[in-house]
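This report describes selected local features of one protein model. Please read it alongside the sequence and the coordinates.

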Amino acid sequence: MPITIRQLCGTELLSLRVLTGHDQLNRPLTWAHASELQDPTPFLDGGELLLLTGVSLPTTAAETTRFVRTLVAAGIAGIGFGTGLHYDEVPRTLIDATSHFDIPLIEVPLQTPFIAITKAVSRAQSDDDMKQLRNNYQSLRRLLQAALTVNGTRAVVRRVAELIGGWAGLLDSAGHMVEVSHGPAISGVERTASERQARPMEVSFLTSDNEDVISHPLLTSTGKLMGYLVAGCPGAVGSLNQGIVIAASSLLTLMTTRARDAQLTMNQLRSVAMHQLFEGQNTLARDISGELWGGFPVEPFQVFHVAGSSGLLESVSVSLLDGLSRDLAFGITDDALTVVVSATDSGRILARIEEVDVTVGVSDVLWWEDLSRARRQAAQAAAEASSRDLRSMRFAELSESGLSAFLDQDRSTAFAAAHLRPLLEAKGGSELYRTLAMWLAHNGVNDTTATALNVHRHTLRSRLSRIEVLLGLDLGSPTERAELWLEYRLLGDAPTA
């Protein structure tokens, strides 16, 4: 920190004496400036110790009070008054005015030249700058040491928190938390979310609840956003060391870029291995499974077809690698993430995947000779889940719906309604409509159908003949009967036998 008035007055060689403002002596000094102007404020920047001998000092109490009020408004830290030249002692009017405004007034004896005070402040500033430089150098070294550890990203985030005396969090480009040093980081990240959304490529600052918070984007040389480093430090405003955050942001940008490049390479290798696996050439996949996934699934297994944006699929991939299981294999195939996981661990893996906003299709529990079939099942289940706006669906649920589940529901239902409409529009249409449905439900057996309808078999034959005329079809055709039954299923009017 810069030298304070208290520290300056504690320098024995200067022989300074505090007259007023004893409770304001911890004010840091930006400079010591000598001026005898009646209004020196145009040449002040705030935080200075103004040195004067009283050449232009007002003579009346009211004028002196106005003079001091002007200096206080300019932000000076204190006044140093040199005695022994124009005044043998500090004027009473000046003492009263500085006491009124509670601003430090320092008596400077004749044997202490103003230049000595200026040099003392300058030396203190130089020493402080050099100390800050050494501290920043040591901080940078510690950040680099953290980056070289096994989990360098996590270590850097925690080292930032340690160096600034607060907390830190690393976010991805979408604003999701990747690494966090302390619990308070979560609330701090939430408080800065609106600023990131409004200006995603800019550094943002926030001071609230006696805490400084900075959100720094991680940008590559081409302007690509890789994420954010958010850090907070409790205490006085301006206490957060922004230099550490800036240096760490640059380091994390480099680390994230290289990690992403390595991840892209690994993703390509995983995709190649998955293609080999589905083509029945799983020797390569097994040989390098430890490096690609940390393990390999065992029979019996299930296949997941995960559909979503590339960013969401990447989030799922990261989650799968995070020590969740060693009994799986996965890779991007045909613009979707395909996961093969041991059946014993599939429930836990599915629960983790469903935490991300993706669509998942799940195959039956199968064996290696059925791997391709499992893949098709998972893809079909995912497509159906998407059409129904569901997060996930199992193929077993899909197969229970039969062939109708694979049809375009809107178009197929509209066709079925139009095809059967002549029955409902004919005289006694509801009776004909129900008769055909019941006949189909009884596999076209007249006697059992007549019994179910409680009509004579001759009445039934008459109705069926009329139905053939109205619909223009032959009920003796298995194809015609199958299509009619599917239409009733689509309309939800198929009775149970």
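The sections below cover cavities, a surface patch, salt bridges, one long-range contact and backbone geometry.

## Basis of the model

The model is predicted. Residue numbers start from 1 along each chain as its sequence is written.

## Internal cavities

Two cavities of 30 Å³ or more are present in the structure. The largest cavity has a volume of about 50 Å³. Its lining is made by S35, E36, L37, L52, G54, V55, S56, L57 and F67. Sorted by class, five residues of this lining are nonpolar, three are polar and one is charged.

The second largest cavity encloses about 40 Å³. N267, R270, S317, F330, G331, I332 and L337 form the lining of this second cavity. Two elements, α8 (242-278) and β12 (328-333), each contribute at least two residues to the lining. The largest share comes from β12, which supplies three residues. By class, the lining of the second largest cavity has three nonpolar, three polar and one charged residues.

## Nonpolar surface patch

M177, V180 and I186 make up a nonpolar surface patch of about 220 Å². M177 belongs to strand β7, which covers residues 177-180. The relative accessible area of M177 is 34%, so this residue counts as partly exposed. A residue must have over 30% relative accessible area to enter a patch, and M177 has 34%.

## Salt bridges

Side chains of opposite charge can pair when their charged atoms come close. With a cut-off of 4 Å between side-chain nitrogen and carboxyl oxygen, the count comes to 13 salt bridges. Three pairs and one network are described here.

R199 and E202 are joined by a salt bridge with an N to O distance of 3.8 Å. Both partners are partly exposed: R199 has a relative accessibility of 37%, and E202 has one of 44%. R373 pairs with D370, and the closest N and O atoms of this salt bridge are 3.6 Å apart. R373 is partly exposed as well, at a relative accessible area of 36%.

Which parts of the chain does the pair of R463 and E431 tie together? The side chains of R463 and E431 form a salt bridge at 3.0 Å, N to O. R463 is in helix α18 (residues 457-471) and E431 is in helix α16 (residues 429-441), so the salt bridge ties together parts that are 32 residues apart in sequence. The accessibility of the two partners falls in separate classes: R463 is buried, with a relative accessible area of 13%, whereas E431 is partly exposed at 43%. A network of salt bridges links R142, R159 and E162.

## A contact across the sequence

C233 is located in strand β10, residues 225-234. With a relative accessibility of 5%, C233 counts as buried, the limit for that class being under 20%. C233 and A168 are 65 residues apart in sequence, while their C-alpha atoms are 9.0 Å apart in space.

## Backbone geometry

Most residues other than glycine have a negative phi, and most peptide bonds are trans. Three sites in the model are listed against that background.

The peptide bond from E299 to P300 is cis, and its omega is near -10 degrees. P300 sits in the loop that runs between α10 (289-292) and β11 (301-307).

D102 is not a glycine, yet its phi is positive, at about 50 degrees. D102 lies in the loop between α3 (92-100) and β5 (105-108). Its relative accessibility of 27% makes D102 partly exposed. N443 is also a residue other than glycine with a positive phi, here about 60 degrees. The loop between α16 and α17 (446-453) holds N443. Is N443 buried or exposed? N443 counts as exposed, with a relative accessibility of 69%.

Methods:
Predicted model: local features only at pLDDT ≥ 70, side-chain atom pairs only at ≥ 80, totals over all residues. Heavy atoms only, no water. 1 Å grid on protein atoms, 1.4 Å probe; cavity = no way out; pocket = protein on both sides within 12 Å on 5 of 7 lines; lining within 4 Å. Points joined across faces, edges and corners; volume = space filled by probe spheres on them. Nonpolar A, V, L, I, M, F, W, Y, C, P; charged D, E, K, R; others polar. Helix = DSSP H or I, 4+ residues; strand = E, 2+ residues; numbered from the N terminus. Patch = residues over 30% accessible without salt bridge, like charges linked within 9 Å, V, L, I, M, F, W, Y side chains within 5 Å. Areas by Shrake-Rupley, 256 points an atom, 1.4 Å probe, with all protein chains shown as cover. Buried < 20%, exposed > 50% of the residue type's maximum accessible area, 1.4 Å probe, protein only.
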